Each structure stands twice: as C-alpha cells, then as structure tokens.
Amino acid sequence: MAHLTVDIGGRPGRDCRGFCEYCYFRHVGEVAPFGCRYCMPFSVGCDYCTRGVKEQYSGFKPLSTVADETLATLQMITDDISRITISGGGDPSCYPEFRDLVELLGSMEVPLHIGYTSGKGFDDPEIADFLIENGMAEVSYTIFSADPEKRRRYMHDPTPEASLAVMRRLCEEIDVYAAAVVMPGVNDGEDLENTCAWLEDAGAQGLILMRFANTTEQGLILGNAPLIQGQPIQSVESFDALVREMNDRYSLKISGTPLGDPSIGSPFAILDEPDLLEKLPRIRAHASVITGSVAAPFIRRVLDACGGGCDVVGVEKEIACLITIDDLRSIDTADLAETVIIPGRAFVHDRQAAEVLGMDGTARRVLRGPETLTADAETSMGMRREEVLMMEMEGFSSLIHLINQNGERK
C-alpha cells in the first residue's frame with residue numbers, strides 16, 4: 001500500500017493569513033547556504049538548504065498544476081493508494097481552490113489527510129461537513145488555545161469561533177490530532193488545562209505540545225532569533241514534566257516535542273527494553289558521534305549498553321537535524337576520534353565538516369549517520385509502540401554498523 005502526498009505549494013506567513021506570533025518562519029533573514037546531505041561534493045548549497053529550508057516558494061500552485069502533478073505521481077505508483085495527504089508550505093485551509101481540490105481527491109475514494117492546518121482559512125463552520133462527506137479521515141489541526149481571543153491575538157485568526165467550531169465538528173466524525181505551541185504566561189497553566197479539557201470533550205485523538213523556541217540554540221537557524229523579544233522560554237526538563245503531567249490528567253493522548261511521548265516512552269523507548277538492546281549489534285570500534293543536546297544522553301546510554309567505547313558529543317543546539325557548521329566550530333576537537341559521525345540530516349556540507357573538525361591538524365573521516373534514530377512526538381503521535389521500537393532498532397543498527405565499519409578498532 002502506498003501513501004500519496006499532494007503538494008499545493010504556498011509560503012509561510014503569506015499563504016496562511018499572516019504569521020502566527022510564534023511561527024518558526026517569522027523574521028527570516030538572509031543567511032548563507034548551509035550545506036546538507038543533498039549538496040554536490042564541491043559545492044556548498046543546493047535548492048534544499050537554500051530555498052527549501054526557508055520554504056521560499058512562489059505561492060500556491062494552481063489547481064490544474066496540482067492535478068497534473070498528482071496524475072504524474074499516480075502513474076509511477078504500482079501499489080494501491082491507502083491514503084492521500086494534502087500538504088504544502090502554505091495553509092491548506094487558505095488554498096483558494098480548496099473545495100475543488102477536496103472534491104477532486106475525494107472522488108478517488110481514498111481516505112484524505114491534511115498534514116497540517118491552522119484552520120485560519122475556515123470562516124464558515126459548514127466546511128466541516130463538506131470535508132467529512134468528501135472522505136476526510138484525519139486532520140492535524142493547530143488549536144493553540146480553546147480561547148477564541150487568544151487565537152485571534154497570537155494566531156491572527158480573523159474568525160476564531162468558526163475555526164474552533166470546524167475543529168469540534170471534525171472531532172465528532174474523524175481523527176483529529178491537535179497541536180499547540182506552548183508560550184509561558186500566554187497559553188500554559190489554566191489556559192492549557194482548559195484547552196485539554198475542550199479537546200477531550202470534543203473527542204480529539206491527541207494533542208502535541210510544542211515548546212516555544214526563541215533562540216538559535218533551540219533551532220532558529222534562519223537569522224530570525226528572537227521571534228518575540230523578551231518572551232520567556234521553558235527548559236527542556238520543565239517542558240517534559242508538563243507533557244507528562246497533562247498526559248496523566250486527560251484521556252486523550254498528549255505528547256510533546258522535543259520531549260516526549262509518555263504513552264510510548266519515546267524518544268528512545270528502546271532504553272526500557274533490555275531484550276531489544278541485547279539484540280543490537282555489539283560495538284567493536286571507536287568513533288565520535290556528534291548530536292544535539294537533547295538526544296546526547298539517550299544515545300550515550302544506548303551505545304554504552306551495546307559495548308560502549310564511543311564518545312557522544314552533544315553540541316549546544318538542541319535538535320540534531322538543525323546542527324550547522326557553527327555548532328561544529330564550537331566543539332573542542334582535542335578528544336575527537338579520527339572517525340566522526342554527524343547527524344544524517346544536519347545542515348552541514350561534508351567537506352566543510354571535515355575541514356572544521358580537522359583544524360587541529362588531525363585528518364578526520366567525517367561520515368553521516370542515519371537520518372533518524374527515534375521518533376519525535378510529531379512522528380510518533382499516530383504510531384504504535386512496536387513501530388517506534390522497530391524504527392529505533394533499525395536506526396541504531398545502522399549507526400553501530402557504521403561505527404564498526406569505519407571506526408578505529410578497539
């Protein structure tokens with residue numbers, strides 16, 4: 001069975017009725033190409049790490065273009081389609097030909113899924129029944145707060161009452177996964193409790209809480225920190241405790257990013273499965289593994305359980321896939337092994353990584369690790385524990401094989 005993704009294009013902040021106050025893409029500045037795994041060996045910068053990371057597209061695609069692209073994709077798929085996901089840089093609820101698009105895709109009689117919407121484009125609650133009638137089966141819907149005035153103020157939603165009414169109606173008939181960026185002093189505390197209660201009463205499947213990011217270390221790599229001057233931020237530990245508390249108190253599944261998914265035990269659920277840790281390959285070589293500050297202690301524990309002997313170096317950047325060359329420059333290379341493994345999705349050019357990590361005179365071999373070692377809450381929200389554990393087994397097996405094949409023998 002295959003999943004079909006329909007890309008409608010669009011630009012953050014422009015094709016979504018304006019930036020939300022907390023949006024990652026607010027204040028994006030001019031930054032040099034980062035470099036990434038898609039770049040040519042001798043060229044720093046490609047479409048992905050220059051335009052793609054900023055989602056700098058030309059706007060929504062015309063429906064005719066979307067239809068042509070979808071047909072071309074369908075002609076290359078040999079399996080039956082089990083799900084169609086509507087996605088794009090802009091908000092699908094603001095797509096000018098949204099109804100026509102849904103009717104077109106609904107005629108294929110395959111469950112439809114909206115990968116993300118703020119609902120800011122839904123001005124008439126009647127749209128909910130239209131979606132249900134045309135095969136919509138799942139929606140990821142940003143709520144921020146069940147208080148309409150807070151949606152109006154921080155999401156710039158011109159019709160928050162209608163947006164919430166659409167969400168409630170969808171919850172009655174299909175799978176709705178809500179999302180909320182948690183801003184301390186704004187939509188946490190009593191307001192968050194009210195939002196969780198509202199979602200529980202409406203029948204939402206789950207809620208993913210996202211810690212508000214306001215610094216480069218938290219992932220604002222586009223020259224756009226801070227998003228909101230003076231807005232408090234929450235520590236990873238405090239946020240993790242909040243997610244666990246909310247998940248314990250309400251019947252719907254509540255998870256968080258960067259930590260965690262209490263129902264599954266992820267990220268790195270494998271740490272609670274000693275039998276699976278025993279099945280991972282044993283480490284027979286020495287290498288240095290670079291990662292983000294959040295994942296570092298977890299990865300260290302897994303590798304230690306598999307024989308150890310590897311250095312896990314956590315940089316200040318919290319999220320591994322948002323590591324840039326500046327993070328590598330901050331590392332004390334004195335203790336690095338001759339083989340260094342960086343995150344597979346890090347925004348670093350391979351040649352530059354080798355140059356920076358070899359500035360102490362040691363010629364180091366720099367390799368990319370697996371793209372993922374675990375599932376963050378955005379991924380695990382719709383997964384079973386067994387699926388997450390399988391992902392972790394595959395990721396760590398690949399990492400350890402990479403260490404054994406390229407590291408220095410113990």
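This tour moves from the whole chain to a few residues worth selecting one after another.

Begin with the full chain in view, bearing in mind that this is a predicted model. The chain carries 14 helices and 13 strands, and its radius of gyration is 22 Å, close to the 22 Å that the globule rule gives for 410 residues, so the chain is as compact as a globular protein of that length. If you orient the view along the principal axes, the C-alpha atoms fill a box of roughly 65 × 45 × 45 Å. Colouring by burial will pick out 54% of the 410 residues as buried, while a contact map would show that, among contacts with a separation of 6 or more, 75% join residues 24 or more positions apart.

Switch next to a surface representation, where the accessible surface comes to about 18,000 Å² and carbon and sulfur atoms contribute 49% of that area. Colouring the charged side chains brings up 37 positive and 64 negative ones, with the centres of the two sets 5 Å apart.

Now select residues 1–253, which UniProt, in an unreviewed entry, lists as "domain: Radical SAM core". This span is 33% helix and 16% strand, and its end C-alpha atoms lie 27 Å apart.

Within helix α2 (residues 63–76), centre on Val66. Is Val66 buried or exposed? Its relative accessible area is 1%, and Val66 is therefore buried, the cut-off being under 20%. Beyond its neighbours within four places in sequence, Val66 is in contact with Val6, Asp7, Ile8, Lys61, Tyr95 and Leu101. Of these, Asp7 can be picked for a distance check: Val66 and Asp7 are 59 residues apart in sequence, yet their C-alpha atoms are 7.0 Å apart in space.

Move on to Glu109, in the loop between α3 (98–106) and β3 (112–117). The phi of Glu109 is near 55 degrees, a positive value in a residue other than glycine, and Glu109 is exposed, with a relative accessible area of 73%.

The next stop is the loop between β6 (206–211) and α8 (236–249), which holds Pro226; here the peptide bond from Ala225 to Pro226 is cis, with omega near -5 degrees.

Finish in the loop between β7 (253–257) and α9 (274–279), where Pro267 is found. The peptide bond leading from Ser266 to Pro267 is cis, with omega near 5 degrees. Phe268 lies in the loop between β7 and α9 as well, and has a positive phi of about 60 degrees although it is not a glycine. At 6% relative accessibility, Phe268 counts as buried.

Key. Residues numbered from 1 in each chain as written. Predicted model: local features only at pLDDT ≥ 70, side-chain atom pairs only at ≥ 80, totals over all residues. Heavy atoms only, no water. Helix = DSSP H or I, 4+ residues; strand = E, 2+ residues; numbered from the N terminus. Rg over C-alpha atoms; globule rule 2.2 N^0.38 Å. Buried < 20%, exposed > 50% of the residue type's maximum accessible area, 1.4 Å probe, protein only. Contact = heavy atoms within 4.5 Å. Areas by Shrake-Rupley, 256 points an atom, 1.4 Å probe, with all protein chains shown as cover. Lys, Arg positive; Asp, Glu negative; His and termini not counted. Charge placed at Lys NZ, Arg CZ, Asp CG, Glu CD. UniProt positions renumbered as here; feature names shortened; annotations may be inferred.
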